[in-house]
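Me: I'd like to go through this one a piece at a time. Can you start with a pair of helices and work outwards?

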Amino acid sequence: MDSPKIRVRFAPSPTGYMHIGNLRTALYNWLFARHCGGTFILRIEDTDRQRHNEDAIRVIIDGLNNLGLHFDEGPFFQSDRLPIYRRHAEELVAQGLAYKAEAQEGKGEAIILGAPEEEASWVDVVKGLITFQPEDLQELVLIKSDGFPTYNFACVVDDHEMAITHVLRGDDHVSNTPKQICVYRALGWEPPTFGHFPMILGMDGQRLSKRHGAVKVTDFLDAGYLPITVLNFIALLGWSPGGDKEIMSLKEMVELFTIDRVRPTAAKFDYEKFAWMNGVQVRASDPREICAIAMKIITARGFAALVPSQQWLEEIIKLYIERIKTVGEFIDAISYFFVADADLKFKRESIDKVLSKEAAPVALQAAYEALNGLTDFTAPPIEAALRGACEKTGLGLGKIAQPVRVAVTGLTASAELFKTLELLGKDRSMARIVRTLEFFKTPGSFPIEEPPPVAPAVTEEAQ
RNA sequence: GUCCCCAUCGUCUAGCUCGGUUAGGACACAGGGUUUUCAACCCUGCAACAGGGGUUCAAAUCCCCUUGGGGACGCCA
């Protein structure tokens with residue numbers, strides 16, 4: 001399958017963060033390499049003096065490794081290879097294919113490749129035959145007057161010297177390719193196979209950018225999206241394994257990925273479907289993995305001291321697993337565990353829809369009486385006790401469960417109640433029920449939580 | 001403006017290579033089921049081949065044009 005061994009590279013410039021579109025390019029290259037048993041190389045394109053930045057390089061390397069896209073060779077730095085570029089450029093000058101030119105301000109000499117006389121064309125592995133006419137191609141600066149190579153020159157020299165077989169990159173490079181082909185031609189080198197992946201756009205059809213929501217990979221991760229979801233979802237933006245398959249592990253993607261199934265069409269990033277997919281991947285994950293991510297977010301929010309044990313958190317995750325879209329939202333949803341009993345506030349709709357009902361005080365009182373005597377405060381006896389209260393009062397379970405839920409969580413919607421009470425513990429549960437009973441005695445005394453200031457959520461589409 | 005690319009439900013897409021399908025799936029949306037709430041889950045519904053010309057017995061599939069969209073036009077990468 002791979003007589004000349006497949007060698008691909010991911011060649012980002014160090015911008016300080018990994019953009020979602022950039023990651024998709026890395027992913028496709030990595031998948032292609034792994035699928036074919038080839039080699040995945042990391043090269044840092046740092047030929048722009050202004051942009052050179054050590055931290056930015058760390059971001060790329062860690063980002064790739066954290067997502068499981070390990071590279072086999074590199075990282076190589078173009079800034080380390082300056083003499084190599086110069087040597088090749090001088091050769092072209094010696095052959096009369098390039099010439100030197102003084103910069104405007106007279107500092108330094110640039111090397112410039114003459115304009116081509118023939119057309120430049122290639123068979124793109126995703127788009128098919130693409131041709132540029134010579135009149136549309138100009139002279140090309142090879143070495144800038146500051147001594148650094150230009151992108152199009154360094155890229156060709158490196159791809160050749162690193163024996164890259166497939167140059168697979170974003171669509172925005174299509175117009176660089178004919179220029180690079182000219183360089184290959186001048187140097188007398190055989191160009192590699194080229195392939196250009198379609199762009200990822202926002203839902204408005206414009207190039208994906210900050211105003212569409214999150215675009216940095218770390219933004220998604222910090223919000224509690226799983227690495228596998230990010231990978232799975234962006235893999236599907238421009239590629240599909242065929243048939244109905246959508247949810248995949250990294251391993252499955254490696255097995256199924258082929259370049260010929262990459263579409264030439266730009267795709268829009270649908271944050272809603274992305275969130276849905278994360279929920280699916282969460283449910284398919286090991287709860288301990290979710291636990292680790294949850295703990296990170298809890299720590300970031302300063303609640304770490306309020307988590308009694310790892311096991312306790314795992315129990316809550318199991319309780320909420322079907323409700324989780326992002327781990328960040330999950331932590332929001334269980335924040336009632338982290339407030340002091342006396343500080344719990346009620347959502348306005350909790351009052352309107354539940355506590356203001358005529359039967360509410362009666363139901364809550366009955367629940368209190370049924371629960372207070374329990375010594376084994378675990379879900380089964382709690383359920384039995386509350387069902388007993390139903391019989392005693394003649395109320396349906398919903399009529400009793402809802403006021404209890406509101407008393408304990410402040411919310412009209414939460415996970416299964418009996419287990420929730422168990423995890424909150426008897427003392428805290430009873431304290432919350434008692435104080436709610438007290439509020440009934442003074443109309444209008446319920447502490448109401450006003451709508452919070454809008455938190456920027458990555459699931460939201462910018463207007 | 002010039003050059004390049006693209007075009008199936010609102011969105012991601014299958015189907016296109018090798019013309020013949022009730023054009024399939026998923027998200028979202030709507031309705032129903034289940035249920036202590038909300039989810040999750042199950043069922044049902046809504047919804048597309050951009051337009052026009054060819055070629056052909058037959059076109060989403062092949063060709064051309066139009067329209068629409070995206071990208072590139074740096075001594076940035």
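Reply: Sure. Helix α4 passes α5 in a right-handed crossing. Keep in mind that the model is predicted.

Me: Which residues of α4 and α5 make the contact?

Reply: From α4, Asn152, Phe153, Cys155 and Val156. From α5, Lys179, Gln180, Val183 and Tyr184. By class, the residues of this contact are five nonpolar, two polar and one charged.

Me: And at what angle do α4 and α5 pack?

Reply: About 55°, with the axes 9 Å apart. Angles between 35 and 65 degrees count as oblique, so α4 is oblique to α5. For the numbering, α4 covers residues 151–161 and α5 covers residues 177–187.

Me: OK, next helix. How many residues of α7 are buried?

Reply: Eight of the nine, so to speak of the helix as mostly covered is fair. The helix spans residues 227–235, and the buried ones are Ile228, Thr229, Val230, Leu231, Asn232, Phe233, Ile234 and Ala235.

Me: What do the buried residues of α7 pack against?

Reply: Four helices: α1 (20–36), α6 (217–222), α8 (250–256) and α9.

Me: Take α9. How do the axes of α7 and α9 cross?

Reply: At roughly 130°, and they come within 9 Å. That angle makes α7 oblique to α9. The crossing of α7 past α9 is right-handed.

Me: Which residues meet there, α7 to α9?

Reply: On the α7 side, Ile228, Thr229, Asn232 and Phe233. On the α9 side, Phe274, Met277, Asn278 and Gln281. The contact divides into four nonpolar and four polar residues, with no charged ones.

Me: Changing topic to the RNA. Which residues come nearest to strand B?

Reply: Ser13, Glu45, Tyr151, Ser175 and Ala413, out of 59 residues around RNA strand B.

Me: Which elements give two or more residues to that surface?

Reply: Two strands, β7 (128–132) and β12 (267–268), and three helices, α9 (271–283), α16 (397–409) and α17 (417–424). Helix α9 is thus listed here and also among the helices that the buried residues of α7 pack against.

Me: What is the make-up by class of the surface near RNA strand B?

Reply: There are 22 nonpolar, 19 polar and 18 charged residues.

Me: Good, that covers my list.

Key. Residues are numbered from 1 along each chain as its sequence is written. Chains are lettered from A and ligands numbered from 1 in the order in which they are written. This is a predicted model: local features need pLDDT of at least 70, side-chain atom pairs count only at pLDDT 80 or more; totals for chains, interfaces and linings use all residues. A residue is near a molecule or strand if its C-beta atom, placed from the backbone, lies within 6 Å of it. Ala, Val, Leu, Ile, Met, Phe, Trp, Tyr, Cys and Pro count as nonpolar, Asp, Glu, Lys and Arg as charged, and the others, Gly among them, as polar. A residue is buried if 20 or more other C-beta atoms lie within 10 Å of its own, exposed if 12 or fewer, and partly exposed in between; C-beta atoms are placed from the backbone. Two residues are in contact if their C-beta atoms, placed from the backbone, lie within 7 Å. Axes are lines fitted to C-alpha atoms, for helices over the stretch in contact, and angles run from 0 to 180 degrees between N-to-C directions. Angles under 35 degrees count as roughly parallel, over 145 as roughly antiparallel, 65 to 115 as roughly perpendicular and the rest as oblique. A crossing is left-handed if the near helix is turned anticlockwise from the far one by less than a right angle, and right-handed if clockwise.
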